[in-house]
Amino acid sequence: MAIRSGATVCSGWAASPPCRRRLPLNRTRRLHQLQYLSATFSPQMQGMTCAPHKNGALQAAAAATEAEAEDEVLLESPSHFRIYKSGRMDRLNEPTVTPAGLDAATGVTSRDVVLDAATGVSVRLYLPSRLEEKPSTAKLPVLVYFLGGAFLIGSADDAAYHGYVNALAAAAGVLVVSADYRLAPEHPLPVAYEDCWAALQWAAAFSSTQDEWISEHGDTARLFMAGDSAGANIVHEMLVRAAEVGPRMEGAILLHPWFSGSEAIEGELPAVPVFNGMIWSYTCPGAVGGADDPRINPLAPGAPSLERLPCERMLVCAAEKDVLATRIRAYHETVAAGACRAAWFESEGEDHDFFLGKPDCDSAKQLLDRVVAFIAEG
């Protein structure tokens, strides 16, 4: 951490790769690449107001000063996004988008399914080649994937996510349902949670209207969830909701989950919860308790118990250089003390969500192998 001109620079926190959103009514918006986050922010931004004055010139000057204050940068990830004091956000990079279809490298076929025509919420399904080409009586586990991006970015058709899920579906032999949820600030939380809950319920449903790929090739009795960063945060929230009404999951995979709190915990840099708290307040302005809302801080006093989450087993993954690693480990230790069997995997020498930016490196391959082995454990 370094201090420059009154602003705190928090580096080393990586969020998600380039992403795009498809919005209803043919609206589009630019999204950015957030791979290795170097965020610059001012912890406190004081409001600027000017009293009216009879002199028109002074009134104009006061209005201009107030407008300039509203245009001050509150939070910035250089070359990625910029959030202003007024609440406006600039998404600075154009992502790479990949259409659904056959992936020659893995033999996985994908296609998009709209769940709600009114909102445009959809999922992208991934089917390994051996079942798509030749029907079999042996059905595949169903894995619902939630992508990351601090709830501000993300899309199932982003090239990095599309490539990762293709590789996961092929290596693990699972039918993947990748949820494409609406983003903040246009759609503040809990919209993303609601969209992902709808996707999970749809994937797990036993009904005649269920998608033919799932009904013919998927074994919803072997249901998994996985996600990275904010997507892993969503996995946790889905488990909390499912504890009340189902479904019960065979396994949950949390890749570098985004958790925070109002205060730093032992071993955590003080700047980390400050930065994460600002992001959380921007994405979820109505959160009760601020950064100690149980959805972002599952270890907060009064948060739902982690001892009886509705999954038989869990895999929690962290990266050694990730500033979130300390809090992720605390989450794992708490879950492991309960009824859910919780395994731990840490990637040495790596940072947050590294496997999306460099999927062919040895560490990324080792992480994928661990995820595949977890699913196969049965």
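**Entry 1: the chain as a whole**

I started with the secondary structure of this predicted model, and I counted 10 helices and 17 strands in the protein chain. I then looked up burial, and of the 378 residues of the chain, 54% count as buried. For the surface I noted that the protein chain exposes about 15,800 Å², of which carbon and sulfur atoms supply 52%. I also checked how contacts are spread along the sequence: among contacts between residues at least 6 apart, 72% join residues at least 24 apart.

**Entry 2: salt bridges**

I looked up charged pairs next, and the structure holds 17 salt bridges. I followed three of these pairs, and then one network.

The pair I took up to begin with was Arg182 and Asp195, which form a salt bridge with the closest N and O atoms 2.9 Å apart. This pair links distant parts of the chain, since Arg182 sits in the loop between β13 (175-180) and α4 (191-204) while Asp195 belongs to helix α4, 13 residues apart. I asked myself whether Arg182 is buried or exposed. With a relative accessible area of 17%, Arg182 is buried, the cut-off for that word being under 20%. Asp195 is buried too, with a relative accessible area of 6%.

I then turned to Glu377, which forms a salt bridge with Arg313, the closest N and O atoms being 3.5 Å apart. Here again distant parts of the chain are linked, with Glu377 in the segment after α10 (362-376) and Arg313 in strand β16 (residues 311-319), 64 residues apart. I noted the accessibility of each partner: Glu377 is partly exposed, with a relative accessible area of 44%, whereas Arg313 counts as buried at 1% relative accessibility.

The next pair on my list was Glu346 and Arg329, whose side chains meet in a salt bridge of 2.8 Å, N to O. Glu346 lies in strand β17 (residues 341-347) and Arg329 lies in helix α8 (residues 325-336), so this salt bridge ties together parts that are 17 residues apart in sequence. On accessibility, Glu346 counts as partly exposed at 29%, and Arg329 is partly exposed as well, with a relative accessible area of 35%.

Which residues are joined into one network by salt bridges that share partners? I found that Asp71, Glu76, Arg82, Arg88 and Asp90 are joined in this way.

**Entry 3: the largest pocket**

I looked up open space in the model, and the largest pocket has a volume of about 270 Å³. Of the 14 residues that line this pocket, the closest to its centre are Tyr164, Ala167, Pro359, Asp360 and Leu368. I then asked which elements give two or more residues to the lining, and these are α3 (159-172), α9 (354-357) and α10. Helix α3 gives the most, with five residues. By class, I recorded 10 nonpolar, two polar and two charged residues in the lining of the largest pocket.

**Entry 4: cis peptide bonds**

I checked the backbone for cis peptide bonds and wrote down two entries. The bond from Ala184 to Pro185 is cis, with omega near 5 degrees, and Pro185 is found in the loop between β13 and α4. The bond from Leu189 to Pro190 is cis, with omega near 20 degrees, and Pro190 is likewise found in the loop between β13 and α4. I set these beside the note on Arg182, which I had also placed in the loop between β13 and α4.

**Entry 5: positive phi angles**

I finished with backbone phi values that are positive in residues other than glycine. Ser229 has a positive phi of about 55 degrees although it is not a glycine, and I located Ser229 in the loop between β14 (218-228) and α6 (230-245). How accessible is Ser229, buried or exposed? At 0% relative accessibility, Ser229 counts as buried.

Asp353 was the other residue I looked up here, and its phi is near 55 degrees, a positive value in a residue other than glycine. Asp353 is found in the loop between β17 and α9, and with a relative accessible area of 2% Asp353 is buried. I noted alongside this that β17 is the strand in which Glu346 lies, and that α9 is among the elements that give two or more residues to the lining of the largest pocket.

Terms used. Residues are numbered from 1 along each chain as its sequence is written. This is a predicted model: local features need pLDDT of at least 70, side-chain atom pairs count only at pLDDT 80 or more; totals for chains, interfaces and linings use all residues. Side-chain values use heavy atoms; hydrogens and water are left out. Helices (H or I, at least four residues) and strands (E, at least two) are DSSP runs, numbered from the N terminus. Buried means under 20% relative accessible area, exposed over 50%, partly exposed in between (1.4 Å probe, protein chains only). Contact means heavy atoms within 4.5 Å. Accessible areas come from the Shrake-Rupley method with a 1.4 Å probe; for residues, only the protein chains shown count as cover. A salt bridge is a side-chain nitrogen of Lys or Arg within 4 Å of a carboxyl oxygen of Asp or Glu. On a 1 Å grid over the protein atoms alone, a cavity is a set of points where a 1.4 Å probe fits but cannot get out, and a pocket is an open set with protein on both sides within 12 Å along at least five of seven lines; lining residues have an atom within 4 Å of a point. Grid points are joined across faces, edges and corners, and a volume is the space filled by probe spheres set on the points. Ala, Val, Leu, Ile, Met, Phe, Trp, Tyr, Cys and Pro count as nonpolar, Asp, Glu, Lys and Arg as charged, and the others, Gly among them, as polar.
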